[in-house]
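Here are a few exercises to work through with the model open beside you. Try each task before you read its solution.

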Amino acid sequence: MFKFLLNPNSFNKFSDTIFKPLVAITSIILVTGLILVYRSPLDYQQGLTVKIMYIHVPSAWLALLTYAIMTIYSIISLAFKIPFGFIINKAIAPIGTVFTVLCLLSGSLWGKPMWGTWWVWDARLTSVAILLIIYVIIIFLNQTFENREVREKTIAIFILIGSINLPIIKFSVDWWNTLHQPASVSKLSSPSIDISMLQPLLVMTVAFSLVGLIIAILRIKVEILTRKNYL
Amino acid sequence: MSLRFQRLVLILITLAMLGTASILILFNTKQNIVFFYTPSELIEKKISINNKLRIGGYVKESSFKKISLNKYQFKITDNNNDFLVFYEGILPDLFREGQGTVIEGFLNNKNNIIASKIYAKHDENYMPASIKKELEKNSQWKKKYK
């Protein structure tokens, strides 16, 4: 049933059937999300600036999610010799990069009015900057090594080494004193964010994920075609 | 044990060891990674006078004073210890008494800090402004939200 996650041909078939409905659903959710953000209340402390959160937080989550997916596929591909994982790694690395850049830029724009600075070298901000560097290195590594098998394995191993950064990003705000505030949504007690603001945030997260998924499907299909020498 | 399974175990063990190694390094270099010290940590560290440092805490209630046009003085506290801070410059929007803050500067004597930069720190609570009004009306507003 989940063969499309491991096999290029099943993936092509599966993505062809879901693609059009997926685009339709994504447009609806994205528009709904934007309307919800527009109508969302102002924060008691931050006022209008809080709306940057609806871009910043989904981008941050997706930057991490994309990397987590690449890590899982690297393990599967290296251990079980499934080349489809390498295709996915190459296809989605730029998507993760874009989400990381969005996260850093929106965070910077949010930090200036709230904290009084564009950038500080605290643990959270620095670890996300390192994530961006790792993403860029992965993209560059795709241009190296004539031999494709060597290249793919090198990239997969590099992704695995870089994955150590993921828990560091997540827990940096708990382990060390940082200027960045701790997590609001993903903590054990109930979220410390009001439901009227949590709703648009979650809808925007779904919308961002679906947009990412659409771009990922297109890029993976191109990559499959390239390897079949159709392009 | 099949070859595939062996490879999987090898990868997972390598990852676990790499992870442990980096965590050990990070926790042993804690003092270089923390963005700021709390006032109590600072007293424990006995940082020498005129060294650059960052200190984080809350602006103590009713300690904020305007000396002149853009010269301010206030106390930074972690509810155990506090330091007197002098600052000349523009304060961030979120800066107010009871609010979290991080200041960059140096100790000029045992209890005084000359700040060169002030950051406001905000917490992880988000709430619509209208709810705050409601809570205040019913006098349910808790100090800790501030």
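**Exercise 1. The contact between the chains**

How many residues does the contact take from chain B, and how many from chain A?

*Solution.* Keep in mind that this is a predicted model. Start with the count: the contact takes 33 residues from chain B and 35 residues from chain A. Next, look at which elements of chain B give two or more residues to the side that touches chain A: helix H1 (3–28), helix H2 (30–33), strand E6 (112–121) and helix H4 (129–137). The largest share of this side comes from H1(B), with eight residues. Finally, sort the side of chain B that touches chain A by class: 19 residues are nonpolar, six are polar and eight are charged.

**Exercise 2. The build of chain A**

Find the secondary structure elements of chain A, then judge its compactness from the radius of gyration.

*Solution.* Chain A has seven helices and zero strands, so its elements read α-α-α-α-α-α-α from the N terminus on. Its radius of gyration is 19 Å, and the globule rule gives 17 Å for 231 residues; the two values are close, so chain A is as compact as a globular protein of that length. For its extent, the C-alpha trace of chain A spans about 55 × 40 × 30 Å along its principal axes.

**Exercise 3. H1 against H7 in chain A**

Work out how helix H1 (residues 8–39) of chain A is oriented relative to H7(A).

*Solution.* First take the geometry: the two axes come within 8 Å and cross at roughly 150 degrees. Angles over 145 degrees count as roughly antiparallel, and H1(A) and H7(A) are therefore roughly antiparallel to each other. Then add the handedness: H1(A) passes H7(A) in a left-handed crossing. The residues of this contact divide into 21 nonpolar, six polar and one charged.

**Exercise 4. H3 against H7 in chain A**

Now do the analysis for helix H3 (residues 84–115) and helix H7 (residues 195–227) of chain A.

*Solution.* These helices pack at an angle of about 140 degrees, with their axes 9 Å apart. That angle makes H3(A) oblique to H7(A). The crossing is right-handed. Residues of H3(A) in the contact include A:Ile87, A:Ile88 and A:Lys90, and those of H7(A) include A:Gly212, A:Arg219 and A:Glu223. By class, the contact has nine nonpolar, one polar and four charged residues.

**Exercise 5. The domains of chain B**

Where do the domains of chain B lie along the chain?

*Solution.* Domain 1 covers 1–33 and domain 2 covers 35–121. Their C-alpha centres lie 40 Å apart.

Notes:
Residues numbered from 1 in each chain as written. Chains lettered and ligands numbered in written order. Predicted model: local features only at pLDDT ≥ 70, side-chain atom pairs only at ≥ 80, totals over all residues. Axes fitted to C-alpha atoms, helices over the stretch in contact; angles between N-to-C directions. Helix = DSSP H or I, 4+ residues; strand = E, 2+ residues; numbered from the N terminus. Parallel < 35°, antiparallel > 145°, perpendicular 65-115°, else oblique. Left-handed = near helix turned anticlockwise from the far one by under 90°. Contact = placed C-beta atoms within 7 Å. Nonpolar A, V, L, I, M, F, W, Y, C, P; charged D, E, K, R; others polar. Domains from an automatic or database assignment. Rg over C-alpha atoms; globule rule 2.2 N^0.38 Å.
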